[in-house]
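Open the model in a viewer and keep the selection panel at hand. The stops below are given in the order in which to select them.

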Amino acid sequence: MHIEKLPSGSYRITQTENGKRYRITVDHKPTKTEATRLLADVIEKTPVTEASLTLNDACNQYIKSRDKVLSPATIRGYLKITRNIPGKYANMRLKQITNETLQAIVNDYTPGHSSKTVKNMSCFIVSVLSAHNITLKSPTLPQTEKKSPYIP
């Protein structure tokens, strides 16, 4: 973050984040905390373009757009799925995700998770992608194991 005085007497606050430069001009010398808060407000209000949207950002945006109509348990489940998406796929741009990529996500997620959890994750990701007008086929999911009831 850089604060400089302009010839007009105003102060310009500049910061580069994620390869993009943000600038704010104020009429008084801001404190460091005030400058940080002002920049955070500007960065938060800056719309993220569809081309640069990652899968993780899209999932969080999807959850945020539906937080008033979803139950707290569903939101908690969606946030857990978002956290557990394998890292190399979480930072992938939406336009790079193909049917093969979606199947690879399911395959990487399957070990250590039940078939129901994998299905929930797959359906959530497909819903997030369809909210951004990306239509993909549903991936092949692991088979469910038939549970035999215990009879004493």
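Select Met1: is Met1 buried, partly exposed or exposed? With a relative accessibility of 44%, Met1 counts as partly exposed. The residue belongs to the segment before β1 (2-5). Keep in mind throughout that this is a predicted model.

Stay on Met1 and show its surroundings. Beyond its neighbours within four places in sequence, Met1 is in contact with Ile13, Thr14, Gln15, Lys32, Ala35, Thr36 and Leu39. Then add Glu17 and draw a C-alpha to C-alpha distance from Met1: the two residues are 9.6 Å apart in space and 16 residues apart in sequence.

Next, colour the protein chain by confidence. Its mean pLDDT is 87, with 95% of the residues reaching 70 or more. Confidence is lowest in helix α1 (residues 32-45), where the mean is 85. Helix α3 (residues 72-84) has the highest confidence, at 93.

Keep α3 on screen and add helix α6 (residues 115-131). Their axes cross at roughly 90° and come within 10 Å. α3 is therefore roughly perpendicular to α6. To see the contact, show side chains for Tyr78, Ile81 and Thr82 in α3, which meet Asn120, Met121 and Phe124 in α6. The residues of this contact divide into 4 nonpolar, 2 polar and no charged.

Hide α3, keep α6 and bring in helix α2 (residues 55-65). Here the axes are 10 Å apart, and α2 and α6 pack at an angle of about 85°. This angle makes α2 roughly perpendicular to α6. On the α2 side, select Leu55, Ala58, Cys59, Tyr62 and Ile63. On the α6 side, the contact is made by Phe124, Ile125, Ser127, Val128, Leu129 and Ala131. By class, the residues of the contact of α2 with α6 are 10 nonpolar, 1 polar and no charged.

Phe124 deserves a second look, as a residue of α6 that meets α3 and also takes part in the contact with α2.

Now select the cysteine sulfurs. How many disulfides does the structure hold? The count is 0. Why is Cys59 without a bond to Cys123? The sulfur of Cys59 is 13 Å from that of Cys123, the closest cysteine sulfur, and this is too far for a bond. A disulfide here requires sulfur atoms within 2.5 Å. Seen from the other end, Cys123 is in no disulfide either, its nearest cysteine sulfur being that of Cys59. Switch on the surface to view their settings: Cys59 is buried, with a relative accessible area of 0%, whereas Cys123 counts as partly exposed at 40% relative accessibility.

For the last stop, follow the chain past α6 and select Asn133, which is in the segment after that helix. Is Asn133 buried or exposed? Asn133 counts as exposed, at 72% relative accessibility. Check its backbone as well: Asn133 has a positive phi of about 60°, although it is not a glycine. Finally, add Gly112 and draw the C-alpha distance to Asn133. The two C-alpha atoms are separated by 31 Å, with the residues 21 apart along the chain.

Key
Residues are numbered from 1 along each chain as its sequence is written. This is a predicted model: local features need pLDDT of at least 70, side-chain atom pairs count only at pLDDT 80 or more; totals for chains, interfaces and linings use all residues. Side-chain values use heavy atoms; hydrogens and water are left out. pLDDT is the predictor's confidence in each residue, from 0 to 100. Helices (H or I, at least four residues) and strands (E, at least two) are DSSP runs, numbered from the N terminus. Axes are lines fitted to C-alpha atoms, for helices over the stretch in contact, and angles run from 0 to 180 degrees between N-to-C directions. Angles under 35 degrees count as roughly parallel, over 145 as roughly antiparallel, 65 to 115 as roughly perpendicular and the rest as oblique. Contact means heavy atoms within 4.5 Å. Ala, Val, Leu, Ile, Met, Phe, Trp, Tyr, Cys and Pro count as nonpolar, Asp, Glu, Lys and Arg as charged, and the others, Gly among them, as polar. Buried means under 20% relative accessible area, exposed over 50%, partly exposed in between (1.4 Å probe, protein chains only).
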